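Colleague: I would like to go through this model with you, taking a few places in turn and asking how each one sits among its surroundings.

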Amino acid sequence: MIPSIRQRPILLMGPPGIGKTQVMEQVAKECKVALVSYTITHHTRQSAVGLPFIEKKTYDGKEYSVTEYTMSEIIASVYDKMEETGLREGILFIDEINCVSETLAPTMLQFLQCKTFGNQKIPTGWIIVAAGNPPEYNKSVRDFDVVTLDRIKKIDVDVNYDVWKEYAYQADIHPAILAYLEIRRDYFYRMETTVDGKVFATARGWEDLSCLIYAYERLGLAVDKEIVGEYICDPATATDFANYLELYYVYEKTYNMESIFAGNADPMLNRRLSEAPFDEKVSVISILLGRLSRGFRDYAILENTVDNVFDALKTFRKNMQTADRPPISIFADIIQSVNAAYTRKKEAGLYASDDDKSMVKTINVLEEMSRKLAGDGTADAGSAFELVRTEFEQLNGQREKMCDRVSAELNNTYAFVENAFGESPQLVLFTTELAAGSHSMHFIEENGCDAFYRNNKGLIRA
């Protein structure tokens, strides 16, 4: 509806490390379009514009030597992405656009104003999004003139912990980090200049630290303040979080979380928690929510796997009725088709982490079914389908068992929290956090939870 010349490039301006690139990744996934991302500070004028070469041209009957340019590496990447994914529409995302070198600055202005690199246009169907940091965060920043600003759509992006927390649940950020930041929100994002230099903590730093904590837990290694300081470059915050993390693990053992999920917690734990300091109450709630969240996530992955396998088996049954080939050959074609679709979407960046895991699990299940078909050696369509149907029933049985286990853990945890807190802000916090999680709400909507509905109605009335 908007002519190309009026389709303004978007310029996201905001502090470093708050998720500008992740915003574009999320947009691309939700809109099912491709994404090509570049940090322009890594490029020279030659890689952005292309290399010059001499071309012979004739004007008014006279031949001239004319300078032309090879295709820009960046534009070539757009076409490569289109070839790889089959997606004709997408986002070309250029990060740190206002930190380019002096020789590249005119090219970036031309890029924003004319949607070209050198003499190469951005393909039709692609939009331009650029991102930059305000000058207070980067000494290399160049100001855009009014001529450029009048041709772009400038969006200021700021820090917002509540928005990030919603993302953090989906990204499976470690519950210790969420518990800590719930208590000390001012430490979520810090950027200060001191006599010792810059000290900072960013959303990117907390997310990367979360991955490290999970890895260290699996390896049985301790995360001390020096390790935290490699990600949270504010000594005071790093020390404070390291001390909190140590206390977090103490709470995890003290409250015997497994007994709470199993529904046989010691009543003394209820009394201790009800009389505990505020920080301890929030920490225990976060530990419980973290364990429940992993259960909700695992169930969602298995549920999607069951749905994917069911769709594949429907196709298998239909194809056996129309194709005059051995069942094992038909099943192999289905696996190949599922694999090809998975590869295309993965290369296009259209899979969220959980969807990717469910697809990998789907392919593994189908390949195991194929091995059993080959081992059985049956050439009869009815027998072949009966075999894979039996395998599917076992998979669905796993889903039902997981559903029962996660439901029991949710109900037992609610009973523990209600006994410990009664009608209190902590119970409200527990219910609110469940309502904020996409996986938790999907599970509750599908399978119910009387305690959640009861407390959520009270929260809405309040």
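Colleague: In which helix is the place of T305, and is T305 buried or exposed?
Modeller: In this predicted model, T305 has its place in helix α13. Its relative accessible area is 0%, and because buried means under 20%, T305 counts as buried.

Colleague: Which residues is T305 in contact with, leaving aside its neighbours within four places in sequence?
Modeller: The cut-off for a contact is heavy atoms within 4.5 Å. With the neighbours within four places in sequence left aside, the contacts of T305 are S358, K361, T362, V365 and L395.

Colleague: At roughly what angle do the axes of helix α7 and helix α13 cross?
Modeller: Helix α7 covers residues 175-183 and helix α13 covers residues 278-322, and their axes come within 9 Å. The crossing is right-handed, and its angle is roughly 145 degrees.

Colleague: Which residues in α13 are met by α7?
Modeller: On the side of α7, the residues taking part are P175, A179, E182 and I183. By class, this contact of α7 with α13 has four nonpolar, three polar and three charged residues. Those met in α13 are D279, V282, S283, S286, G290 and R294.

Colleague: Where does A276 lie, and which residues does A276 touch, not counting those up to four places away in sequence?
Modeller: A276 lies in the loop between α12 (267-274) and α13, and with 9% relative accessibility A276 counts as buried. Not counting residues up to four places away in sequence, A276 touches Y255 and K281.

Colleague: Why do the buried residues of α4 line one face of the helix?
Modeller: Helix α4 spans residues 105-114, and its buried residues are A105, T107, M108, F111 and L112. They line one face of the helix because, seen down the axis of α4, they fall within an arc of 160 degrees.

Colleague: Why is strand β5 largely enclosed by the rest of the structure?
Modeller: Both faces of β5 are covered, with G90, L92 and I94 buried on one side and I91, F93 and D95 buried on the other. Strand β5 (residues 90-95) is therefore largely enclosed, the count of its buried residues being six of the six.

Colleague: Which strand does β5 join over five bridges, and which residue there stands opposite G90?
Modeller: Strand β2 (residues 34-39) pairs with β5 in the parallel sense over six bridges, and there L35 has I91 as its bridge partner. The five bridges join β5 to strand β8 (residues 126-132), again in a parallel run. Opposite G90 in β8 stands W126.

Key:
Residues numbered from 1 in each chain as written. Predicted model: local features only at pLDDT ≥ 70, side-chain atom pairs only at ≥ 80, totals over all residues. Heavy atoms only, no water. Axes fitted to C-alpha atoms, helices over the stretch in contact; angles between N-to-C directions. Helix = DSSP H or I, 4+ residues; strand = E, 2+ residues; numbered from the N terminus. Left-handed = near helix turned anticlockwise from the far one by under 90°. Nonpolar A, V, L, I, M, F, W, Y, C, P; charged D, E, K, R; others polar. Buried < 20%, exposed > 50% of the residue type's maximum accessible area, 1.4 Å probe, protein only. Arc of directions from axis to C-beta. Pairing = 2+ DSSP bridges.
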